[in-house]
Amino acid sequence: MDLAGLACEAGSCQACPLWESRTNVVFGVGPEDARVMIVGEAPGKNEDLEGRPFVGAAGKNLDSLLGIAGLARDEVYIANVLKCRPPGNRDPRVEEIQACAHFLHDQAKLIEPEVIVTLGNFAARHIMKTDMGITRLRGQVHQVGRFKVLPVYHPAAALYDPSKQEALEADFRTLGALLAAS
Ligand code: URA
């Protein structure tokens, strides 16, 4: 199946109770041959309304961070661990992640990015299959199966925390260097 087929399947997914409260499934956007795949946590209110990932304030920050790595938003593939919004933006639940994980797995398999950048704790822990926190994981490139994974802070968490923002900017410089070297 290709990305369009997967998106279509996700569009009618009822594998966990989040389908009942969603406005739109936020499957992911970007080119199928992207060198970089960005993985966030779950859609927020604006994303649920628009059906696209990172359209709010965190998304603006993400755009400027991508710029530091020499990337434009339309060059990267952006997805989330969960494709539907948890009500009130509560944390994703284990059973929701389990029900949804095959979509992200298949997205990564189809895109085959050179680097997966995980944003925040949930995405890092899910993709790296670890309990370690983002503060310890961030900024280093890890080999996970056939993928290089760069965990970074979530751009929403950095909006009001200058030290996290500095770390994010440093980590996107690392991403730029990694891409330039390969
Ligand atoms: N935060 C996320 O993790 N994902 C989005 O799509 C928006 C905000």
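Q: In this predicted model, what makes the approach of Phe 54 to the ligand a polar contact?
A: A polar backbone atom of Phe 54 is 3.1 Å from an oxygen atom of the ligand. A polar contact needs a pair of N or O atoms within 3.5 Å, so this one qualifies.

Q: What makes His 154 and Glu 41 polar partners of the ligand too?
A: His 154 brings a polar side-chain atom to 2.9 Å from a ligand oxygen, while Glu 41 has a backbone N or O atom 2.8 Å from an oxygen of the ligand. Both values are within 3.5 Å, so both are polar contacts. As for cover, the protein takes up 90% of the 240 Å² of accessible area that the ligand has on its own.

Q: Why is the pair of Phe 27 and Phe 103 called edge-to-face?
A: The planes of the two rings are 85 degrees apart, and anything over 60 counts as edge-to-face, so the name fits. Their centres lie 6.5 Å apart. The structure holds 1 aromatic pair.

Q: Why does this pair tie together separate parts of the chain?
A: Phe 27 belongs to the loop between α1 (3–11) and β1 (36–40), and Phe 103 to helix α4 (residues 94–111), so the pair links parts 76 residues apart in sequence. Both Phe 27 and Phe 103 are buried.

Q: How do you know that the charged end of Lys 83 sits over a ring?
A: The charged end of Lys 83 is 5.9 Å from the centre of the Phe 27 ring, and the distance cut-off is 6 Å. Likewise, the charged end of Lys 164 sits over the ring of Tyr 153, at 5.3 Å from its centre.

Technical notes. Residues numbered from 1 in each chain as written. Predicted model: local features only at pLDDT ≥ 70, side-chain atom pairs only at ≥ 80, totals over all residues. Heavy atoms only, no water. Phe/Tyr/Trp six-rings, centres within 6.5 Å; stacked < 30°, edge-to-face > 60°. Helix = DSSP H or I, 4+ residues; strand = E, 2+ residues; numbered from the N terminus. Buried < 20%, exposed > 50% of the residue type's maximum accessible area, 1.4 Å probe, protein only. Lys NZ or Arg CZ within 6 Å of the ring centre and 35° of its normal. Polar contact = N/O pair within 3.5 Å; in protein donor to acceptor, adjacent residues only side chain to side chain. Areas by Shrake-Rupley, 256 points an atom, 1.4 Å probe, with all protein chains shown as cover.
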